[in-house]
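Visitor: Hi, could you walk me through this structure? I'm in my first year, so plain words please.
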Amino acid sequence: MTATASADGTNVTITASQATGNDVLHIVDANGATADVTIRVAFNAGTIVPQATLTVTGDPADPAWLTQRAVNLVARLTQAAPGAQTTIGAVSPPPLPLRPGESAQIAVPVQIGGNPAYFDQSGTTMVNVQNLSLSPFVPGLLFYDDDPEHLTQDGVLFRGTVSSSVPARLYYYHDDAGDPRRLVVAISGNSQDPTSVQLVDAVAGPNMDVMSVGNALTKNFLLTKARGEGVVVTLPQDEPYLLAEVPMMQRQLVAGTVDLQVLSGGPVVVTVMSLSPGADPRTFLDAPVLPGDGHHRTGVFEISGFGKDALTFAAGGPDATLVLGDTEPTPQNADRSATGHDYGDYGVLHAIDLTLDNPGSAPAPAYLYFKPLAGPARGSFLIDGNLVDVGCVRLPQPYQIASFELAPGQTYRTVVQTMTDGGSFFPAEIGVSATAPQPAAPPISAPDGCFPKPEATAAPQ
């Protein structure tokens with residue numbers, strides 16, 4: 001650092017080098033007056049972009065969902081120096097849902113704290129949101145990634161290729177068995193042409209309660225997929241797009257579901273990785289896939305048309321029942337020689353065509369129920385746009401999902417959507433009956449709950 005006084009003695013110019021630190025400038029004028037000026041030389045803590053563009057889909061796109069996507073984009077674009085900390089401030093969501101063809105602006109305040117090493121930076125990124133009108137799409141392939149379930153080392157957990165002709169769904173489910181690490185999902189272009197991809201996704205965790213993670217993922221994805229809420233990204237050349245990057249501690253679980261549709265260019269490669277803090281995902285993109293744990297819960301499965309089910313019930317007749325998540329039928333491997341399987345239908349979206357008929361002359365009740373068959377299970381259902389969470393149940397008896405009162409001669413039809421919750425034990429029965437089922441799940445520690453407490457043993461006499 002150098003200091004130079006002007007010829008008239010009224011100004012002092014200080015020039016800093018690349019060296020950072022603190023110093024004191026001692027100034028003495030012609031009359032002998034003195035002054036000490038504390039000087040700090042440092043770099044800015046980072047760069048905050050003033051504008052950003054976010055292209056989404058959704059009919060409509062929920063304001064809270066839009067706000068979170070804007071925050072995610074700004075966090076991705078904000079460049080912080082090593083050791084600096086980025087903090088996103090409170091964001092006001094759009095006042096109304098955003099419909100296809102509409103646009104909005106979301107102001108995202110950002111602060112980059114430099115600590116002693118850098119100058120703090122504060123600013124706002126204005127995110128310009130455009131809702132693109134796209135038709136809903138149904139994946140034809142399922143990428144199932146749950147092997148190895150317990151992560152013990154860095155490497156690739158799953159890799160799959162999505163063509164421009166067949167959309168795909170990725171379902172991943174992993175917990176951390178030891179040291180802190182990150183679960184990373186990367187999307188890479190595999191073409192010299194610009195590649196555009198629509199991504200409809202949900203993620204849950206990290207959390208040690210595996211059933212709550214699986215349940216949260218199901219509920220989030222059911223709502224997100226029903227609205228068609230997604231982001232449209234153009235993949236940069238020679239640079240992966242990190243769709244998810246979730247830190248995990250020991251015994252914490254992360255699960256996610258993403259539907260991918262290539263809109264232009266392609267194909268694209270989806271890579272799920274287990275990485276230590278600080279590890280560069282780019283160095284692992286071409287690494288071999290880690291060995292499995294022997295359970296074979298992995299593979300590429302054909303799901304076009306799979307999960308289309310029906311329940312038809314007539315008042316006065318027998319119960320209507322359907323079993324989901326059994327070992328037969330199960331999604332078929334795209335590679336007939338592969339040994340992986342998806343017992344439980346994890347990652348499969350079941351759409352149940354429900355028909356309720358009352359041929360009689362008096363009103364008649366009908367109850368839609370959930371019945372666990374293999375142990376503790378949770379169930380979430382989307383009915384007429386309303387989300388129903390059954391709760392955690394264990395005993396093989398019916399628990400109410402919804403009730404209907406059918407007028408004389410009435411026929412009622414709707415589509416019920418559901419997915420298997422990760423961490424739940426399947427198969428399970430879905431049925432319709434005129435007999436009222438249990439109205440609600442019992443407390444989790446009750447004798448008939450999911451995880452009853454052991455009974456106290458009497459002390460020996």
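Guide: Sure. Let's begin with the largest pocket, where H1 supplies the largest share of the lining, eight residues. Keep in mind that this is a predicted model.

Visitor: How much space lies in that largest pocket?
Guide: About 1300 Å³. Its lining has 40 residues, and Asn72, Leu73, Arg76, Leu242 and Leu243 lie nearest the centre.

Visitor: Which other elements supply at least two residues of the lining there?
Guide: Besides H1, you have strand E7 (51-57), strand E8 (79-80), strand E18 (195-207), H2, strand E19 (230-235) and strand E20 (241-248).

Visitor: And how do those lining residues divide by class?
Guide: Into 20 nonpolar, 10 polar and 10 charged.

Visitor: Back to H1. How many residues has it got?
Guide: Helix H1 has 15 residues, running from 63 to 77. From the first C-alpha to the last, H1 reaches 21 Å, close to the 21 Å expected at 1.5 Å a residue.

Visitor: What caps the N-terminal end of H1?
Guide: Aspartate 62 does. One of its side-chain oxygens lies 3.0 Å from the backbone nitrogen of alanine 64.

Visitor: Which residues in H1 are buried?
Guide: Pro63, Trp65, Leu66, Thr67, Arg69, Ala70, Val71, Leu73 and Val74. Here's some background for reading a list like that: an α-helix has 3.6 residues a turn, so residues three or four places apart point the same way.

Visitor: OK, new topic. What about the second largest pocket?
Guide: That one holds about 520 Å³ of space. It is lined by 28 residues, with Pro136, Phe137, Val138, Lys225 and Leu349 closest to its centre. E18, H2 and strand E27 (349-357) are the elements that give two or more residues to this lining.

Visitor: Which of them gives the most?
Guide: H2, with three residues. By class, the lining of this second largest pocket has 14 nonpolar, nine polar and five charged residues.

Visitor: What about cavities, how many does a search find?
Guide: Searching the whole structure turns up three of 30 Å³ or more. The largest has a volume of about 70 Å³.

Visitor: What lines the largest cavity?
Guide: Leu324, His350, Phe370, Arg378, Gly379, Ser380, Phe381, Thr418, Met419, Thr420, Phe426 and Ile430. Strand E29 (377-383) and strand E32 (411-419) are the elements giving two or more residues to that lining. E29 gives the most, with four. By class, you get six nonpolar, five polar and one charged.

Visitor: And the second largest cavity, how much space is in there?
Guide: About 50 Å³. Its lining is made up of Tyr171, Gly214, Leu217, Thr218, Thr257, Met419, Thr420, Asp421 and Gly422. Helix H2 (residues 210-227) gives the most to this lining, with three residues. The classes here are three nonpolar, five polar and one charged.

Visitor: Can we zoom in on single residues? Is serine 433 buried or exposed?
Guide: Serine 433 counts as buried because its relative accessibility is 4%, and the cut-off for buried is under 20%. You'll find serine 433 in strand E33 (residues 428-433).

Visitor: What does the side chain of serine 433 reach?
Guide: The backbone nitrogen of threonine 435, at 2.9 Å. If you don't count residues up to four places away in sequence, serine 433 touches Phe313, Asp319, Ala366, Tyr367 and Tyr369.

Visitor: Now arginine 251, buried or exposed?
Guide: Exposed, because its relative accessibility is 61% and the cut-off for exposed is over 50%. Arginine 251 lies in the loop between E20 and strand E21 (253-264). Leaving out residues up to four places away in sequence, arginine 251 touches Asp176, Asn207 and Met208.

Visitor: How far apart are arginine 251 and phenylalanine 158?
Guide: They are 93 residues apart in sequence and 20 Å apart in space, C-alpha to C-alpha.

Visitor: One last residue: where does leucine 141 lie?
Guide: In strand E13 (residues 141-145). Leucine 141 and arginine 169 are 28 residues apart in sequence and 6.2 Å apart in space, C-alpha to C-alpha.

Visitor: Which residues is leucine 141 in contact with?
Guide: Setting aside neighbours within four places in sequence, leucine 141 is in contact with Val166, Pro167, Ala168, Arg169, Val300, Phe301, Glu302, Ile303 and Ala334.

Terms used:
Residues numbered from 1 in each chain as written. Predicted model: local features only at pLDDT ≥ 70, side-chain atom pairs only at ≥ 80, totals over all residues. Heavy atoms only, no water. 1 Å grid on protein atoms, 1.4 Å probe; cavity = no way out; pocket = protein on both sides within 12 Å on 5 of 7 lines; lining within 4 Å. Points joined across faces, edges and corners; volume = space filled by probe spheres on them. Nonpolar A, V, L, I, M, F, W, Y, C, P; charged D, E, K, R; others polar. Expected span 1.5 Å × (residues − 1). Buried < 20%, exposed > 50% of the residue type's maximum accessible area, 1.4 Å probe, protein only. Polar contact = N/O pair within 3.5 Å; in protein donor to acceptor, adjacent residues only side chain to side chain. Contact = heavy atoms within 4.5 Å.
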